[in-house]
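Take a walk through this predicted model. Begin with the open space, then follow the strands around it.

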Amino acid sequence: MMTIRKANERGHADHGWLNSYHTFSFANYHDPQWMGFRDLRVINDDTVAAGAGFGQHPHRDMEIISYVLEGALEHKDSMGNGRIIKPGEFQYIAAGTGVLHSEYNPSKKDPVHFLQIWIQPDKAGAKPAYGEKAYSSAEPGRLNLVASKSGREGSLTINQDTDLWLAKFSNGEALTHELRPGRHAWIHVAEGNVELNGQRLTAGDGVAVSEESKLELAGQGKAQVLLFDLRSEEHTSELQ
């Protein structure tokens, strides 16, 4: 079963310095039908104006992943990390017992476009952690494991039984991902146009997948897709 969440159905907030589209309920946008999917809680499609950003603020007990699509994002946190994240790079924060961080656009003229992702952790009170992975030169037409519970294949180790995969397409490549029995998936089209099991999708579209054994993805020109392979249990911890 596949349930498509079209890009134009998402929540939207335009703050001038920040233009944000919410796949799931977030801040002042609330939709009881879209509170998240399994352990996936937030996918915000954010564009931040030049010289603007999110000032220092706290989080706890949340797995936070950012993926930069265009521009640059300057990160600082209370763990002592400071870094400028560029297109094709993922940033990971395990907020755990508590983290302060800021995200800022260092450019004086260009916006930064990135995805902000929150995943419910499998336990509260984990030790805060930070990590990065770069996929700017990832080969089109294959799945790249970005994050996993075990940290296998050199992926980021996160506090949840969730596999996050990145697929890039350049000219009609196709690939297949098999879901183990009882697993679910969320597909987010980060860029361009793709087909998922014959259904045409465009940038910003999301798809909830349950009771399917095989996902077949085909690119329609240049495109990027995030695939979340999720456990069957519902999350139970509170959003922070």
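**The pocket and its strands**

The largest pocket holds about 280 Å³ of space. Its lining counts 22 residues. Leu18, Phe26, Asn44, Phe54 and Gln116 lie nearest the centre. Several strands contribute: β2, β3, β4, β5 (53–59), β6 (63–70), β10 (99–104) and β11 (112–119) each give two or more residues to the lining. By class, the lining has nine nonpolar residues, 11 polar and two charged.

Now turn to β3, which spans residues 18–22. Which of its side chains are buried? Leu18, Ser20 and His22 are, and they point to one face of the strand. Asn19 and Tyr21 point to the other face and are not buried. Buried here means under 20% relative accessible area. Leu18 thus appears twice: it is one of the buried residues of β3, and it is among the residues nearest the centre of the largest pocket.

Next, look at the partners of β3. Strand β2 (residues 11–14) runs antiparallel to β3, and four bridges join the two. Three residues sit between these strands in their hairpin. Gly16 takes a positive phi there, near 85 degrees. Strand β4 (residues 40–48) also pairs with β3 in the antiparallel sense, over five bridges.

Tyr21 is a good place to see both pairings. Which residue of β2 stands opposite Tyr21? His12 does. In β4, the bridge partner of Tyr21 is Asp45. The side chain of Tyr21, like that of Asn19, points to the face of β3 that is not buried.

Terms used:
Residues numbered from 1 in each chain as written. Predicted model: local features only at pLDDT ≥ 70, side-chain atom pairs only at ≥ 80, totals over all residues. Heavy atoms only, no water. Buried < 20%, exposed > 50% of the residue type's maximum accessible area, 1.4 Å probe, protein only. Pairing = 2+ DSSP bridges. 1 Å grid on protein atoms, 1.4 Å probe; cavity = no way out; pocket = protein on both sides within 12 Å on 5 of 7 lines; lining within 4 Å. Points joined across faces, edges and corners; volume = space filled by probe spheres on them. Nonpolar A, V, L, I, M, F, W, Y, C, P; charged D, E, K, R; others polar.
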